[in-house]
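Welcome, and thank you for taking a look at this protein. Below is a short guided tour for someone meeting the model for the very first time.

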Amino acid sequence: MVRKAEAAPAGETVIIIDDDEAVREALEGLLESVGLQVKSYGSVQQYIDQSPAVDVGCMVLDVRLPGRSGLDFQAELARAGNSLPVIFISGHADVPMSVRAMKAGAFEFLTKPVHHQELLDAIHAAIAAHGERRNHERGLTTQRARFDTLTAREREITLMVVSGLRNKQIADDLCLSEATVKLHRGQAMRKMEARSVVELVRMVDSLMVPAAVRT
């Protein structure tokens, strides 16, 4: 019995690429029965040629496909910087093949005949993980935009704060008054929307901005 899983966010579609039409139809019916949106294709090239205008939540790929294999397509996505989660299904899987797929970043590797609930669980987990990753990336983009609004002096003082220097040390190094350092630090926190110095440090660290090194 297939357990009703939590529906994917509106607009997210599962892409299935498998050269077996019967398998595609069966998987489409399964996914649609639990409220998932799905589109299926017989080859990687067919998928590329049709270029569906959908928000993809994850991909379910057969390993062996006509033309480009699922593994080759996964490698292409990775080289392009596409973090879309890929779930592999294969009726001819072996250990080296599955190891290669997982090392290349596959979300899951399942063997045919695929257990329906196992596939559904993997798909929902993949979509959730992809959503979290995209939210994190959007957050970093927002933080980067805020950081870029800082003046040169605000950025300089912020990096010194992140490096662990106190206001007096920063003031001495920059030949400023502590009041001026506090003013610039406060303006930086306001622009970054940081509620505390600790939060400011965490934000800047997440951007991997090199901290100022005190000489």
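## Salt bridges and a covered strand

R144 is partly exposed, with a relative accessible area of 34%. The model you see is predicted, and this residue is a good place to begin. R144 forms a salt bridge with D148, and their closest N and O atoms are 3.8 Å apart. The two residues are four apart in helix α5, so about one helical turn separates them. D148 is partly exposed too, because its relative accessible area of 49% falls between the limits of 20% for buried and 50% for exposed.

Salt bridges that share partners also join E12, D55 and R134 into one network. Within that network, R134 forms a salt bridge with E12, the closest N and O atoms being 2.3 Å apart. This pair links distant parts of the chain: R134 belongs to helix α5 (residues 116–148) and E12 to strand β1 (residues 12–17), with their positions 122 residues apart. E12 has a relative accessible area of 5%, so E12 counts as buried.

A further pair is made by E76 and R68, whose closest N and O atoms are 3.0 Å apart in their salt bridge. E76 is partly exposed at a relative accessible area of 27%, and R68 is partly exposed at 25%. In general, side chains of opposite charge can pair when their charged atoms come close. How many salt bridges does a search of the whole structure find? The search finds 11, and the table lists three of them.

| Salt bridge | Closest N and O atoms |
|---|---|
| R134 and E12 | 2.3 Å |
| E76 and R68 | 3.0 Å |
| R144 and D148 | 3.8 Å |

### Strand β1 and its neighbours

Let us return to the strand that holds E12. β1 is mostly covered, with six of its six residues buried. Which residues of β1 point one way, and which the other way? E12, V14 and I16 point to one side, while T13, I15 and I17 point to the other, and all are buried. This fits a general pattern: in a regular strand the side chains alternate between the two faces of the sheet.

β1 has two partners to look at here. With strand β3 (residues 55–62), β1 pairs in the parallel sense over six bridges, and I16 stands opposite V60 in β3. With β2, β1 also runs parallel, and five bridges join the two strands. In that pairing, T13 stands opposite Q37 in β2.

Just before β2 you can find L36, which lies in the loop between α1 and β2 (37–41). L36 counts as buried, because its relative accessibility is 5%. The C-alpha atoms of L36 and E12 are separated by 8.1 Å, although these residues are 24 apart along the chain.

### A charged patch and a buried threonine

On the surface, D19, D20, E21 and E25 gather in a patch of negative charge. One of them, E21, is found in helix α1 (residues 21–33).

The last stop is T158, found in helix α6 (residues 152–162). Is T158 buried or exposed? At 1% relative accessibility, T158 counts as buried. The C-alpha atoms of T158 and V181 are separated by 9.6 Å, and the two residues are 23 apart along the chain.

Methods. Residues numbered from 1 in each chain as written. Predicted model: local features only at pLDDT ≥ 70, side-chain atom pairs only at ≥ 80, totals over all residues. Heavy atoms only, no water. Patch = residues over 30% accessible without salt bridge, like charges linked within 9 Å, V, L, I, M, F, W, Y side chains within 5 Å. Areas by Shrake-Rupley, 256 points an atom, 1.4 Å probe, with all protein chains shown as cover. Salt bridge = Lys/Arg side-chain N within 4 Å of Asp/Glu carboxyl O. Lys, Arg positive; Asp, Glu negative; His and termini not counted. Charge placed at Lys NZ, Arg CZ, Asp CG, Glu CD. Buried < 20%, exposed > 50% of the residue type's maximum accessible area, 1.4 Å probe, protein only. Pairing = 2+ DSSP bridges.
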